[in-house]
Amino acid sequence: MPPQAGDIIEDFTLNDQDGNPVTLSSFDPKPVVLFFYPKADTPGCTIEACGFRDAIDKLKKAGVVVLGISRDTVKAQKKFAEKYDLNYPLLADPDQKICNYFDVIKQKTMYGKPVTGIERTTYLIGPGRKLLHVFPKVKPEGHAEEVLAYVKANK
């Protein structure tokens, strides 16, 4: 079962697009927006990632840290970040350890065929790694603004 609002999120460390280790607890007490996306440099993921890029100054002003995460390799994350000038860490989870912890790996249908992949989901994690809110089945368009509006409304 995926973590629910009120749960304490296990601490974890993954490498970012530059191969640097990033540990969730290192951002405490700032809120962390952890958004899971299916695959770097695909249309929906690009829309979502660029939305966070474009809203990053407003999100930082609201005191929020943004982390993107997918099953991609460090190399794929770096290419994605450079291609679109993404200005926040993209975490690589190729062994799916964190994806499995958050239960975002789902059976989906793509072009009529069943596939296993990440269901686009965002977690807002607060001080003490307490899960504040889950955004399930995210639509890429306007999602960063949706997250920002939630953060501002719940300060």
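Is C99 buried or exposed? In this predicted model, C99 has a relative accessibility of 0% and therefore counts as buried; the points below take up the cysteines, two helices and one strand residue.

1. On the cysteines, the structure holds zero disulfides. The sulfur of C45 has its closest cysteine sulfur in C50, at 11 Å, which is too far for a bond, given that a disulfide requires the two sulfur atoms to lie within 2.5 Å. C99 is likewise in no disulfide, the nearest cysteine sulfur being that of C45, 12 Å away. C45 counts as buried, with a relative accessibility of 1%.

2. Helix α1 covers residues 43-61, and its 19 residues should span 27 Å at 1.5 Å a residue, which agrees with the 28 Å that separates its end C-alpha atoms. A reader tracing the helix should also note that α1 bends by about 60 degrees at A55, and that G63, just after the helix, takes a positive phi of about 85 degrees.

3. The buried residues of α1 are G44, C45, T46, E48, A49, C50, F52, A55, I56 and L59, so that A55, the residue at which the bend is placed, is itself buried under the 20% cut-off. What covers these residues includes the strands β3 (32-36), β4 (65-70) and β8 (121-125), together with the helices α2 (74-83) and α4 (143-153).

4. In helix α2, the buried residues are Q77, F80 and A81. Seen down the axis of α2, they fall within an arc of 95 degrees, and so they line one face of the helix, whereas K75, K79 and E82 are exposed on the other side. The buried residues of α2 pack against α1, β4 and β5 (90-92), and β4 is also among the elements that cover the buried residues of α1. After α2 comes D85, whose phi is positive, near 50 degrees.

5. T23 belongs to strand β2, which comprises residues 21-23, and is partly exposed, with a relative accessible area of 23%; that value lies outside the buried class because the cut-off for buried is under 20%. Leaving aside residues up to four places away in sequence, T23 touches D11, F12 and T13. The C-alpha atoms of T23 and D11 are separated by 7.1 Å, although the two residues are twelve residues apart along the chain, and the side chains of T23 and T13 are joined by a polar contact of 2.6 Å.

How values were computed
Residues are numbered from 1 along each chain as its sequence is written. This is a predicted model: local features need pLDDT of at least 70, side-chain atom pairs count only at pLDDT 80 or more; totals for chains, interfaces and linings use all residues. Side-chain values use heavy atoms; hydrogens and water are left out. Helices (H or I, at least four residues) and strands (E, at least two) are DSSP runs, numbered from the N terminus. The expected span of a helix is 1.5 Å times one less than its number of residues. The bend at a residue is the angle between axes fitted to the seven residues ending there and the seven starting there. Buried means under 20% relative accessible area, exposed over 50%, partly exposed in between (1.4 Å probe, protein chains only). Contact means heavy atoms within 4.5 Å. A polar contact is a pair of N or O atoms within 3.5 Å; within protein, one must be able to donate a hydrogen and the other to accept it, and residues adjacent in sequence count only if both atoms are side-chain atoms. The arc is that of the directions from the helix axis to the C-beta atoms.
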